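Good morning, colleagues. Please look at the sequence and the model on the screen before I begin.

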Amino acid sequence: MLKKEIIEVVHASMDKGWILEPEAKNILRSYGIGVPRLKWTSSPEEAVQFAREHGFPVVAKVVSQRVVHKSDVGGVITGIKDEESLNDAFRRFSRMEGFAGVLVEETVSGMELMAGAKVDYQFGPVILFGMGGTGVEIYKDTVLRMAPLRESDILSMVRKLKAHELLEGYRGSEPINMEALTSTLLAFSDLVMDIREYMDSIDLNPIFCSPESCIVADARIILSKERGEGSAKTGSCRK
């Protein structure tokens, strides 16, 4: 069941049909899903202060009520190495329609994976998992399962990928942290089950998985246009 504060965010986002990325990441974090250290701010000085505290390079993303697909409008800049470049990004984003601030994040790395979810009219909530990042459309290396996921499903899904050897360690490379991946996908499954009455789709892409951790670098929660008021119940998450 959803926490009261998550339901409030969902209700406040119904008009535009999706949840702003900083709020989406707060929801993920409340389920125990790893996200980068971040700062959502409308102050260039605060953005620079965050970068000083956590170190360059950082990632900057526009936060706008009118921009769902940030990359399509140049609303994402990675590898920002100094204060001048961060201020330049801030000035550029501030001219975008619906500007509501800048999301500044630490840079994370690892193998690029993805997880997504939709509510199928026949099967209910389903979860897609596979190779992510910019290669997701090229490799089309994904597997699908009905939610909720069990721990045994995670290993099965990994083994079904054509690229599974890359995750398990290939030619001397270290395997990704399977415990972290399992925890991430089970928590994602919990979120999907809890929010299924409100959601149209959820995309976590990329998820950077390394031998140490799995971190969701980008998250998009699209809300259902058909969703009415009042069907979700308040309560506590599993975590």
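I shall describe a sheet and its helices, then the nonpolar cores, then a pocket, and finally one serine. Please keep in mind that this is a predicted model.

Let me begin with the sheet. Four strands make up an open sheet, and their order across it is β2-β5-β3-β4. The pairing is antiparallel. At the edges are β2, residues 38-41, and β4, residues 76-80, each of which pairs on one side only. From one strand to the next, the twist averages 20°.

Within that sheet, consider β3, residues 58-64, and β5, residues 99-106. These two strands pair in the antiparallel sense over six bridges. As a point of orientation, V58 stands opposite E106 in β5.

Which strands does helix α3 lie across? Helix α3, residues 44-54, lies across β2, β3 and β5, and runs at about 170° to β2. Helix α4, residues 83-94, also packs on the sheet, where it touches β2, β3, β4 and β5. The direction of α4 makes about 175° with that of β4.

I turn now to the nonpolar cores. The largest of them has 48 residues. Those with the most contacts inside this core are L113, F129, L167, L181, F188 and I202. Helix α8, residues 178-195, contributes the largest share of the core, namely nine residues.

F188 deserves a separate word. Leaving aside neighbours within four places in sequence, F188 is in contact with I33, A115, G116, A117, I127, I202 and L204. Apart from the largest core lies another, of 17 residues, and A51, V58, A89 and M96 are among them. V58 is thus a residue we have already met, opposite E106.

Next, the largest pocket. Its volume is about 840 Å³. Of the 33 residues that line this pocket, S71, G133, N205, P206 and D218 are the closest to its centre. Which elements supply at least two residues each to the lining? They are β3, β4, β5, β6 (111-120), α5 (136-139), β9 (199-209) and β11 (219-223). Strand β9 gives the most, with five residues.

Finally, the serine. S13 lies in helix α1, residues 4-13. Is S13 buried or exposed? S13 has a relative accessible area of 1%, and because buried means under 20%, S13 counts as buried. Its contacts, leaving aside neighbours within four places in sequence, are W18, I19, E23 and L223.

Thank you for your attention.

Technical notes. Residues are numbered from 1 along each chain as its sequence is written. This is a predicted model: local features need pLDDT of at least 70, side-chain atom pairs count only at pLDDT 80 or more; totals for chains, interfaces and linings use all residues. Side-chain values use heavy atoms; hydrogens and water are left out. Two strands pair if DSSP finds at least two bridges between them. Axes are lines fitted to C-alpha atoms, for helices over the stretch in contact, and angles run from 0 to 180 degrees between N-to-C directions. Contact means heavy atoms within 4.5 Å. A nonpolar core is a set of buried Ala, Val, Leu, Ile, Met, Phe, Trp, Tyr and Cys residues joined through side-chain atoms within 4.5 Å. Buried means under 20% relative accessible area, exposed over 50%, partly exposed in between (1.4 Å probe, protein chains only). On a 1 Å grid over the protein atoms alone, a cavity is a set of points where a 1.4 Å probe fits but cannot get out, and a pocket is an open set with protein on both sides within 12 Å along at least five of seven lines; lining residues have an atom within 4 Å of a point. Grid points are joined across faces, edges and corners, and a volume is the space filled by probe spheres set on the points.
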